[in-house]
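Please open the structure in a viewer and keep the sequence panel at hand. The tour below proceeds by selections, each followed by a description of what is found there.

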Amino acid sequence: MSGQSILIAGAGPVGLTSALALHQRGHAVRVIDAKPAGATQHDPRAIALAHGSRLILERLGVWPSIAATPIAHIHVSQQGGFGQTRIEAADYQLDAVGFVARLGALTQALRQAALDAGIRIDNAHDLCDSTCAADGVIATIRSDAGEQQHATPLLLIAEGKPPANAERKEYGQTAIVTEAWSDEAHDGRAFERFTAEGPLALLPLERGYSVVWCMRDDHARALLELDDDAFRARLTHATAFAQRSWNRVATRAAFPLSLVQAAPASHPRSIALGNAAQTLHPVAGQGLNLGLRDAFELAQAFEAGVTETALIRFASQRARDRTATISLTDQYVSLFSNQLVPLRIARGAGLALFNLLPPLRHAIARRMMFGVR
């Protein structure tokens with residue numbers, strides 16, 4: 001069997017963040033990934049990175065390699081109702097409350113930093129089995145070279161989706177994801193518009209916007225069948241609140257939306273992170289940021305070694321942030337998708353109240369930037 005390095009399954013942003021953070025603290029680390037090397041470095045999908053995630057990536061030394069577009073202003077409103085709120089980076093003495101980057105660029109920067117640090121990254125078809133050992137896990141890895149066993153004090157699953165037996169809640173919504181460009185400069189301004197069918201987010205990305213448009217499944221299928229001109233016209237109508245006239249749109253992709261939470265692992269030394277632990281609705285863009293926080297704070301918890309005390313401490317420290325972030329995301333979807341008139345009025349009053357009560361607005365903004373601390 002292999003040596004006693006910590007084994008990480010998944011070379012995406014969460015897995016690589018774990019690897020770098022653990023390596024910085026003196027741990028031997030091995031990463032395996034089912035995707036061929038370079039398969040994700042050109043992934044054009046956009047991701048929202050909170051200010052707290054920027055701090056993590058700075059500490060890992062990879063932030064300068066990521067071409068990220070800053071979000072300096074966030075405008076939140078609801079369709080068919082009064083009330084709105086604004087979050088301004090200047091209120092927190094920051095240049096940005098968040099950033100938008102391409103997933104491929106982030107993954108490539110983390111992968112290169114890991115390789116430069118001497119971290120081993122192997123291609124493997126899958127992690128096909130793991131069994132308990134006295135003080136760790138024995139993992140069976142399947143690759144072109146056959147099956148290999150790896151004894152590890154800690155197994156991190158940071159690849160793929162939660163298992164089939166995970167708790168699942170279907171939202172009946174699909175996210176259409178694309179990019180759009182207009183003649184108007186975005187000036188670092190992001191928009192989150194809550195509609196009867198789901199949120200519509202416009203995130204500044206390079207010279208245009210990343211669009212995440214959530215709606216009923218059947219309406220999403222109909223929009224995907226439109227040609228670019230017809231889709232652009234529909235988008236222009238739906239985003240009139242942003243005062244943008246779109247002159248070009250990119251290829252569209254669709255993603256069914258659900259809340260999925262993996263059950264606790266049967267072995268305390270096998271820990272799921274990122275999408276392997278939970279898949280969230282994209283409202284407020286918290287999914288990846290939660291995974292990055294888990295990955296970085298895991299390394300802090302195990303700084304003095306992978307011990308039973310450290311395992312308990314990590315689970316305890318992260319439980320509150322995970323539970324609160326998952327719950328808050330789910331509540332946003334439920335609260336803003338209900339179109340009962342009294343609730344719509346209450347939502348408008350609440351959005352207006354955020355602007356009138358800066359401490360309340362700041363508390364929500366800090367949670368979005370840093371999670372529950």
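## The enclosed cavity

The structure, a predicted model, holds one cavity of 30 Å³ or more. The volume of this largest cavity is about 30 Å³. To display its lining, select Gln286, Thr325, Leu328, Thr329, Arg367 and Met368. Two elements, H7 and helix H9 (358–370), each give two or more residues to this lining. H7 gives the most, with three residues. By class, the lining has two nonpolar, three polar and one charged residues.

## The second largest pocket

Next, select Ala263, Pro264, Ala265, Ser270 and Ala272, which are the closest to the centre of the second largest pocket among the 38 residues that line it. About 1,100 Å³ of space lies in this pocket. Then colour strand S9 (126–133), strand S12 (155–157), strand S19 (270–272) and H7, the elements that give two or more residues to the lining. The largest share, 10 residues, comes from H7. By class, the lining of the second largest pocket divides into 22 nonpolar, nine polar and seven charged residues.

## A salt-bridge network on H6 and H7

Remain with H7 and show the side chains of Arg318 and Glu297, which meet in a salt bridge at 3.4 Å, N to O. This pair links distant parts of the chain, with Arg318 in helix H7 (residues 308–337) and Glu297 in helix H6, 21 residues apart. Are these two partners buried or exposed? Arg318 counts as buried, at 3% relative accessibility, whereas Glu297 counts as partly exposed, at 25%. Extend the selection to Arg293, Asp294, Asp321 and Arg322: salt bridges that share partners join these residues with Glu297 and Arg318 into one network. In total, the count for the structure comes to 19 salt bridges.

## Two further salt bridges

Move to helix H2 and select Arg54 and Glu58, whose side chains form a salt bridge at 3.0 Å, N to O. Both residues lie in H2, four residues apart, about one turn of the helix. An α-helix has 3.6 residues a turn, so residues three or four places apart point the same way. Arg54 is buried, with a relative accessible area of 15%, while Glu58 is partly exposed, with 35%.

For another pair, select Arg168 and Glu170, whose side chains meet in a salt bridge at 3.7 Å, N to O. Glu170 is exposed, with a relative accessible area of 53%.

## Helix H1

Select residues 13–24, which form helix H1. This helix has 12 residues and reaches 16 Å from its first C-alpha to its last, close to the 16 Å expected at 1.5 Å a residue. Why may H1 be described as largely enclosed by the rest of the structure? The reason is that 10 of its 12 residues are buried. The buried residues are Pro13, Val14, Gly15, Leu16, Thr17, Ser18, Ala19, Leu20, Ala21 and Leu22. Just after H1, inspect Gly26, which takes a positive phi of about 90°.

## Helix H3 and what covers it

Now select residues 103–116, the 14 residues of helix H3. At 1.5 Å a residue, H3 should span 20 Å, and its end C-alpha atoms are 20 Å apart, which agrees. Highlight Leu103, Gly104, Leu106, Thr107, Ala109, Leu110, Arg111, Ala113 and Ala114, which are buried in H3. What covers these buried residues? The covering elements include helix H1, strand S3 (46–50), helix H2 (51–59), strand S7 (98–102), strand S8 (120–123) and helix H6 (287–301). H3 is followed by Gly118, whose phi is positive, near 85°.

## Positive phi outside glycine

Finally, visit two loops. Select Glu206, in the loop between strand S15 (199–205) and strand S16 (208–216). Its phi is near 55°, a positive value in a residue other than glycine. Glu206 is partly exposed, with a relative accessible area of 44%.

The last selection is Ala284, in the loop between strand S20 (278–279) and H6. Ala284 is also a residue other than glycine with a positive phi, near 70°. At 28% relative accessibility, Ala284 counts as partly exposed.

How values were computed
Residues numbered from 1 in each chain as written. Predicted model: local features only at pLDDT ≥ 70, side-chain atom pairs only at ≥ 80, totals over all residues. Heavy atoms only, no water. Expected span 1.5 Å × (residues − 1). Buried < 20%, exposed > 50% of the residue type's maximum accessible area, 1.4 Å probe, protein only. Contact = heavy atoms within 4.5 Å. Salt bridge = Lys/Arg side-chain N within 4 Å of Asp/Glu carboxyl O. 1 Å grid on protein atoms, 1.4 Å probe; cavity = no way out; pocket = protein on both sides within 12 Å on 5 of 7 lines; lining within 4 Å. Points joined across faces, edges and corners; volume = space filled by probe spheres on them. Nonpolar A, V, L, I, M, F, W, Y, C, P; charged D, E, K, R; others polar.
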